[in-house]
Amino acid sequence: MIDLNQVSKSYKEKIVVDTVTIPIEKGKLTACIGPNGAGKTTLLEMISRLVPKDTGEIYIDGGEIKSWKPGELAKKLSVLKQSNKFSMRLTIKELVSFGRFPYTKGRLNAHCHELIEQSLRQVGLLEIADQYIDTLSGGQLQRAMIAMVLAQDTDYILLDEPLNNLDMKYSVQLMDIIRTFVDDFGKTVITVIHDINFAAAYADNLIAMKEGKVFAAGPVEQMITQQNIKNIFDIDVEVIDRKGKKFVMYY
Amino acid sequence: MTDNKHVYRNIFIAAILAMIMASIYMTIGSRGNWSYILSLRGKKLAALTIVSICSTTATILFHTITQNRILTPSIIGMDAIYIFFQTISLFLFGHNHWFLQNTYTNFFLSTVSMTCFSLLLYWFFFKNFPGRIYLLLMTGLILGTFFRSATSFLQVLIDPNEFLILQNRLFASFNNVDSSLINVSMIVVLPVLMYIFYKNKAMDVLHLGRTNAIGLGVNVDRFNLILFISISLLVSISTALVGPVMFLGFLGANVSYKLFKTYQHWLLIIGGCLFTISFVLFGQILIEHVFKFQTALSIILEFVGGSYFLYILLKEKEVA
């Protein structure tokens, strides 16, 4: 369970996240939606201690984020950000192996190799695991990064726009992988998603942010309404029901 | 992690090369005068080895922290501090003062002044601007320029005789290293190296960038601070021992990346140090037996290192 209490962050005078208080349900896929600059990514970064919060508390499994040891928290919570550039030549497998660092500090055991292989298979990179990452396409690199996060094997997984650089096929495949992780392995995934329809189709809960505040939050079925989406994004939309799933038509 | 065979093989070759160089250096033209040769050349060999290890290790760490392979630790201006300290102490006390005559106090105080300067700088930056490595480097660069200007101002005022003494000190020299200083250096260098090897896997994680490293549980800001302090200690010792050598570490580090083609620090550091030791010994053999002491080793080191630096710069330009 992740609990946010009155969390705020500002850069200079600009308030990016404004007294956000919200619980994040364990064992669910929570998608964070909202217009650009609403503070979604900053919120995610604060939960994953990439940037320090100004005020408020973030509790992860009962412990305030500051009271967690960095090494211990890395076994509990993993995070993936958008842009990744590397100065070193690594193979995909070496990159994914880094996911095991919090547990073994670089000395891989049999269990590690098993998990690494499993993660590579899940993102469909097992065949080219020995390729160098500087030869990969944007989508392949993104999947390699996701495999690393999977190998980290944490209860909480935070993904910042994981569908960036991915084509339709791999977007769907990735969301399916995330779904399996939530449903079959009981992981908690929090992700920032821009494509509202992916959020509507795959997430359990939605957190809608606007101008630094939580605009609305709740289960997907209740959140995806014409009025809600219109208020969040300030555009006219049509919500279509099709085979029990909701689609937002925004153009 | 992956197949390291070619890396181990290359390191093995570098080790053999270093040993061959060391034995050539120790035995060439000895004429059987062993007790004399061993103490004289052994001392120089030890100094050369310490300086090679310090500068190469410091540069590799520096590259990892800054994620940039064409920088050298001298950008923070530690050599400028050393030169400034030597100049101002000569300026204030004159060369006859006990303070400058005693090798220990001079060595000790130059090390302390360099380390303290960098500690102050880091402490200020890591407290106020965590994660802003480039801002730190820029400030170091500017402070270095400041100290260099202050130094040349003092050098203009100084007595010409003392200026000659000073100039002698500011050229890196391996020929008159005090053997008692070597032991003192080891006391500082060994624990630093042990710490670095203990943490070598965490340094590998730094390659993934700040975000990913934090995500994997490395306390990046604190770790960077500790690594910066280690770099300062290594550079200070090396500089206090023989004087400033700028491009030696740069050469060792970059050749190491080329030769060993791995991201693992423990391999890069060992390999790089072995290469640097062989290179420095080769240079010293040239100096002693080909040039007959007509030129200084530091000139050869800086010439080769500097040329390599230019080569890398031009190559990077083509890529970009």
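Colleague: Is A:Arg89 buried, exposed or partly exposed?

Modeller: Remember as we go that this is a predicted model. A residue is buried under 20% relative accessible area and exposed over 50%, with partly exposed in between. A:Arg89 has 45% relative accessibility, so the class for A:Arg89 is partly exposed.

Colleague: Which side chain meets A:Arg89 in a salt bridge?

Modeller: Side chains of opposite charge can pair when their charged atoms come close. A:Arg89 sits in the loop between β6 and α3 (92-97) of chain A, and its partner lies in the loop between α5 (110-122) and α6 (138-152) of that chain, so the pair ties together parts that are 45 residues apart in sequence. The N to O distance is 3.4 Å, and the partner is A:Asp134.

Colleague: Is A:Lys76 buried or exposed?

Modeller: The cut-off for buried is under 20% relative accessible area. A:Lys76 has a relative accessible area of 19%, so A:Lys76 is buried.

Colleague: Which residue forms a salt bridge with A:Lys76, with the closest N and O atoms 3.2 Å apart?

Modeller: A:Lys76 is in the loop between α2 (70-73) and β6 (77-80) of chain A, and its partner is 15 residues apart, in the loop between β4 and β5 of chain A. The partner is partly exposed, with a relative accessible area of 32%. A network of salt bridges also links the two with A:Lys26 and A:Asp155. The residue paired with A:Lys76 is A:Asp61.

Colleague: How far apart in sequence are the parts tied together by A:Lys53 and A:Glu64?

Modeller: These two form a salt bridge, with the closest N and O atoms 3.3 Å apart, and both A:Lys53 and A:Glu64 are buried. A:Lys53 lies in the loop between α1 (40-47) and β4 (55-60) of chain A, while A:Glu64 is in strand β5 (residues 63-64) of chain A, so the parts they tie together are apart in sequence by eleven residues.

Colleague: What span should helix α6 of chain B have at 1.5 Å a residue?

Modeller: Helix α6 (residues 133-157) of chain B has 25 residues, and its end C-alpha atoms are 36 Å apart. The expected span takes 1.5 Å times one less than the number of residues. That expected span agrees with the model, because it comes to 36 Å.

Colleague: Which helices help cover the buried residues of α6(B)?

Modeller: The buried residues of α6(B) include B:Ile133, B:Leu137, B:Phe147 and B:Leu154. Among the elements of chain B that cover them are α2 (34-66), α3 (78-93), α5 (103-128) and α11 (220-242).

Methods. Residues are numbered from 1 along each chain as its sequence is written. Chains are lettered from A and ligands numbered from 1 in the order in which they are written. This is a predicted model: local features need pLDDT of at least 70, side-chain atom pairs count only at pLDDT 80 or more; totals for chains, interfaces and linings use all residues. Side-chain values use heavy atoms; hydrogens and water are left out. A salt bridge is a side-chain nitrogen of Lys or Arg within 4 Å of a carboxyl oxygen of Asp or Glu. Helices (H or I, at least four residues) and strands (E, at least two) are DSSP runs, numbered from the N terminus. Buried means under 20% relative accessible area, exposed over 50%, partly exposed in between (1.4 Å probe, protein chains only). Contact means heavy atoms within 4.5 Å.
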